[in-house]
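Visitor: I should like to request a close look at a single part of this structure, set in the context of the whole. Please proceed residue by residue where that helps.

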Amino acid sequence: MFNRVMLVVVFVPLAVILIALAVANRGLVAFTLDPFHPGNPALTLNLPLFILLFLALAIGMIVGSMATWVKQGRYRKLARQRGLEAENLRQAVSRAPAARKGPALPKPTN
């Protein structure tokens with residue numbers, strides 16, 4: 001149910017906006033990689049503007065995701081360490097004799 005709501009509320013309007021953006025920006029734009037000689041045909045791409053916008057969006061999402069992944073590395077390392085520690089403690093408890101399960105409770109007196 002949540003997936004269907006996400007599809008309708010987020011992705012359908014986003015798709016409509018992206019399609020409208022693509023239709024409105026179909027004109028060719030020169031994208032050059034040489035800032036000193038902008039007319040150099042070897043380093044110039046003529047692409048529709050919407051493709052350049054979508055590429056910029058995709059590159060931004062990838063770079064942002066990588067930055068987040070690197071930033072959260074210490075938390076993943078801590079989770080791994082604590083997981084190993086928990087597993088070692090589970091194994092130690094399972095190897096312990098049954099008599100050491102806990103202190104015996106005194107019998108009630110009536």
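Guide: Of the 110 residues of the protein chain, 5% count as buried. This is a predicted model, and every value that follows is computed from it. The part chosen for the close look is strand S2, which covers residues 44-48. A short account of the chain as a whole comes before it.

The protein chain contains 3 helices and 2 strands, and their order along the sequence is α-β-β-α-α. Its radius of gyration is 30 Å, well over the 13 Å that the globule rule gives for 110 residues, so the chain is more spread out than a compact globule. The C-alpha trace spans about 100 × 40 × 15 Å along its principal axes. The protein chain exposes about 10,100 Å², and carbon and sulfur atoms supply 70% of that area. Among the contacts in the chain with a separation of 6 or more, 24% are accounted for by residues 24 or more positions apart.

Strand S2 may now be taken in sequence order, beginning with Thr 44, which is found in this strand. Two polar links of its side chain can be described. The side chain of Thr 44 reaches the backbone oxygen of Asn 40 at 2.6 Å. The same side chain of Thr 44 also makes a polar contact, at 3.4 Å, with the side chain of Thr 32. When neighbours within four places in sequence are left aside, Thr 44 is in contact with Ala 30, Phe 31, Thr 32 and Pro 38. Thr 32 therefore appears twice in this description, once as a polar partner and once in the list of contacts, where a contact means heavy atoms within 4.5 Å.

Leu 45 is likewise found in strand S2. With a relative accessible area of 44%, Leu 45 is partly exposed, because that class lies between the limits of 20% for buried and 50% for exposed. Leaving aside neighbours within four places in sequence, Leu 45 is in contact with Val 29, Ala 30 and Phe 31. Ala 30 and Phe 31 are also listed among the contacts of Thr 44. For a view beyond the strand, Leu 45 may be set against Thr 68: the two are 23 residues apart in sequence and 31 Å apart in space, C-alpha to C-alpha.

Asn 46 lies in strand S2 as well. Its relative accessible area is 51%, and Asn 46 is exposed, because the limit for that class is over 50%. Not counting residues up to four places away in sequence, Asn 46 touches Leu 28, Val 29 and Ala 30. The C-alpha atoms of Asn 46 and Val 29 are separated by 5.4 Å, although these residues are 17 residues apart along the chain. Val 29 also belongs to the contacts of Leu 45, and Ala 30 is listed for Thr 44, for Leu 45 and for Asn 46.

The helices that follow may be treated in the same manner, beginning with helix H2. A search of the whole structure finds 1 aromatic pair. This pair is formed by Phe 50 and Phe 54, with an edge-to-face arrangement, 5.8 Å centre to centre and 75° between the planes. Both rings belong to helix H2 (residues 49-71), and Phe 50 and Phe 54, being 4 residues apart, are separated by about one helical turn. Phe 54 is partly exposed, with a relative accessible area of 29%.

Helix H3 covers residues 73-95. A search of the whole structure finds 1 salt bridge, in which the side chains of Arg 90 and Glu 87 meet at 3.1 Å, N to O. Side chains of opposite charge can pair when their charged atoms come close. Arg 90 and Glu 87 are 3 residues apart in helix H3, which means that about one helical turn separates them. Arg 90 counts as exposed at 53% relative accessibility, whereas Glu 87 is partly exposed, with a relative accessible area of 36%.

Glu 85 also has its place in helix H3, and at 49% relative accessibility Glu 85 counts as partly exposed. Glu 85 and His 37 are 48 residues apart in sequence and 60 Å apart in space, C-alpha to C-alpha.

Notes: Residues are numbered from 1 along each chain as its sequence is written. This is a predicted model: local features need pLDDT of at least 70, side-chain atom pairs count only at pLDDT 80 or more; totals for chains, interfaces and linings use all residues. Side-chain values use heavy atoms; hydrogens and water are left out. Rings of Phe, Tyr and Trp (its six-membered ring) pair if their centres lie within 6.5 Å; planes under 30 degrees apart count as stacked, over 60 as edge-to-face and the rest as tilted. Buried means under 20% relative accessible area, exposed over 50%, partly exposed in between (1.4 Å probe, protein chains only). A salt bridge is a side-chain nitrogen of Lys or Arg within 4 Å of a carboxyl oxygen of Asp or Glu. The radius of gyration is taken over C-alpha atoms; the globule rule is 2.2 Å times the number of residues to the power 0.38. Accessible areas come from the Shrake-Rupley method with a 1.4 Å probe; for residues, only the protein chains shown count as cover. A polar contact is a pair of N or O atoms within 3.5 Å; within protein, one must be able to donate a hydrogen and the other to accept it, and residues adjacent in sequence count only if both atoms are side-chain atoms.
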